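Please work through the following exercises with the sequence and the 3D view side by side. Each one sets a task and then gives a solution in steps.

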Amino acid sequence: MSDDKDNNDGTGDEPPKEERRRRRSGPVTKGGDKRAAKQFRTRVKTARGRKLSSTRWLDRQLNDPYVKKAQMEGYRSRAAYKLIELDERFKFLRKGQRVVDLGSAPGGWVQVALKKGASEVVGIDLLAIDPIEGATLFEKDFTDADAPDLVKSAMGGAADVVLSDLAPWTTGHKNTDHLRIVGLVEMAADFAYDVLKPGGTFVAKVFQGGTSGELLDQLKGRFEKCRHFKPDASRSESAETFLVATGFKG
Ligand SMILES: C[S@@+](CC[C@H](N)C(=O)[O-])C[C@H]1O[C@@H](n2cnc3c(N)ncnc32)[C@H](O)[C@@H]1O
């Protein structure tokens with residue numbers, strides 16, 4: 001994943017590079033007391049050396065209802081609410097399932113799957129993920145040749161659900177970004193074909209213009225139903241949407 005630039009995956013969920021560095025050395029700012037936060041938009045004070053992209057990201061984080069909700073409800077990311085909404089709509093998470101989560105950091109989707117009663121969750125991300133009881137989590141690039149086998153080796157059998165929230169850091173170079181996005185979705189789909197049980201579900205983040213017609217045709221042939229859905233928790237300015245493929249045919 002290249003993050004040479006301050007650009008991110010386009011979902012608006014990821015802090016810019018400068019902010020990630022700043023976070024490692026401690027909290028940056030406080031949002032004021034709760035009553036004030038309810039009444040007034042929290043304003044980000046300018047800090048020496050903070051870039052405009054970081055200030056904008058902080059401003060959005062501090063005023064985002066899903067960020068606040070996630071903090072109150074103990075989810076590690078606002079992304080958790082995207083999976084909650086997807087499941088409310090398509091009802092694919094159930095008790096006792098074996099779930100694989102590609103692109104798991106910081107772990108919001110893993111938490112949701114466990115809360116829904118998954119008996120086994122295996123996750124992988126380029127970034128380290130703090131341990132979550134009940135989940136096996138790998139810090140590794142999923143595009144590494146040995147990554148799919150590593151994930152499979154941690155699974156006790158075929159998966160009921162394969163989730164992919166994989167999103168590459170963008171470079172700003174349109175063609176490169178497009179190829180990366182398409183490449184990750186294709187890898188996730190290939191992995192799903194390999195590990196899913198018949199009847200299983202594949203959920204993947206895709207970007208407008210990021211899923212090739214060819215892949216969609218392939219998915220339609222391998223699953224009973226393929227639908228696109230953009231949860232409310234997905235920022236309207238983000239090009240992301242989610243593909244939900246249910247009823248894997250094997
Ligand atoms: C939107 S975040 C996932 C958020 C997560 N679903 C949650 O609820 O906390 C996308 C993740 O994809 C990961 N990612 C991107 N490219 C990857 C790759 N090649 N291998 C593994 N993880 C990757 C990023 O590191 C990032 O953590």
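The exercises below go from the overall fold to single residues and then to the ligand, and they concern a predicted model.

**Exercise 1. Describe the protein as a whole: how many helices and strands are there, and what share of the residues is buried?**

Step 1. Counting the elements gives nine helices and seven strands in the protein.

Step 2. Of the 250 residues in the protein, 37% are buried.

Step 3. Turning to contacts with a separation of 6 or more, one finds that 61% of them join residues 24 or more positions apart.

**Exercise 2. Work out in which order the seven strands lie in the open sheet, and which strands form its edges.**

Step 1. The seven strands form an open sheet with mixed pairing, and their order is 3-2-1-4-5-7-6.

Step 2. Strand 3 (135-139) and strand 6 are the edge strands, since each of them pairs on one side only.

Step 3. Ignoring direction, neighbouring strands of this sheet are turned by 10° against each other on average.

Step 4. Helix 8 (residues 174-195) packs on the sheet and touches strand 1 (98-102), strand 4 and strand 5, and its direction makes about 170° with that of strand 5.

**Exercise 3. Follow the pairing from strand 4 to strand 6, and decide for each pair whether it is parallel or antiparallel.**

Step 1. As background, strands of a sheet pair through backbone hydrogen bonds, either parallel or antiparallel.

Step 2. Strand 4 (residues 159-164) pairs with strand 5 in the parallel sense over five bridges; within this pair, valine 161 stands opposite threonine 201, and leucine 163 stands opposite valine 203.

Step 3. Strand 5 pairs in turn with strand 7 (residues 240-248), in the antiparallel sense and over six bridges, and here alanine 204 has leucine 243 of strand 7 as its bridge partner.

Step 4. Strand 6 (residues 223-229) and strand 7 also pair in the antiparallel sense over six bridges, with histidine 228 standing opposite leucine 243.

**Exercise 4. Explain why strand 5 can be called largely enclosed, and use valine 206 and phenylalanine 202 as examples of its surroundings.**

Step 1. Nine of the 12 residues of strand 5 are buried, and therefore the strand is largely enclosed by the rest of the structure.

Step 2. Valine 206 lies in strand 5 (residues 196-207), and it counts as buried because 23 other C-beta atoms lie within 10 Å, where the cut-off is 20 or more.

Step 3. Valine 206 and glutamate 240 are 34 residues apart in sequence, and yet their C-alpha atoms are 5.7 Å apart in space.

Step 4. Leaving aside residues up to four places away in sequence, phenylalanine 202 touches Val162, Ala189, Ala192, Leu196, Phe223, Ala245 and Phe248.

Step 5. Phenylalanine 202 and Ala204 are among the residues that touch the most other members of the largest nonpolar core, which has 53 residues; helix 8 gives the most to this core, with eight residues.

**Exercise 5. Compare aspartate 101 with lysine 91: which is buried and which is exposed?**

Step 1. Aspartate 101 is found in strand 1, and it counts as buried because it has 30 C-beta neighbours inside 10 Å.

Step 2. Not counting residues up to four places away in sequence, aspartate 101 touches Trp109, Val110, Ala113, Val121, Gly123 and Leu163.

Step 3. Lysine 91 has its place in the loop between helix 5 (80-90) and strand 1, and it is exposed because it has 10 other C-beta atoms within 10 Å, where the cut-off is 12 or fewer.

Step 4. The backbone of lysine 91 deserves a second look, for its phi is near 50°, a positive value in a residue other than glycine.

**Exercise 6. Find which residues a cis peptide bond joins, and describe the shell around the ligand.**

Step 1. The cis peptide bond joins alanine 105 and proline 106, with omega about 0°, and proline 106 has its place in the loop between strand 1 and helix 6.

Step 2. There are 25 residues around the ligand, and Ser77, Ala79, Gly103, Gly108 and Asp165 come nearest.

Step 3. Helix 6 (108-115) and strand 2 (120-125) each supply at least two residues of this shell.

Step 4. Sorted by character, the shell around the ligand divides into 13 nonpolar, seven polar and five charged residues.

Note on methods
Residues numbered from 1 in each chain as written. Predicted model: local features only at pLDDT ≥ 70, side-chain atom pairs only at ≥ 80, totals over all residues. Near = placed C-beta within 6 Å. Helix = DSSP H or I, 4+ residues; strand = E, 2+ residues; numbered from the N terminus. Nonpolar A, V, L, I, M, F, W, Y, C, P; charged D, E, K, R; others polar. Pairing = 2+ DSSP bridges. Contact = placed C-beta atoms within 7 Å. Axes fitted to C-alpha atoms, helices over the stretch in contact; angles between N-to-C directions. Core = buried A, V, L, I, M, F, W, Y, C linked by C-beta atoms within 7 Å.
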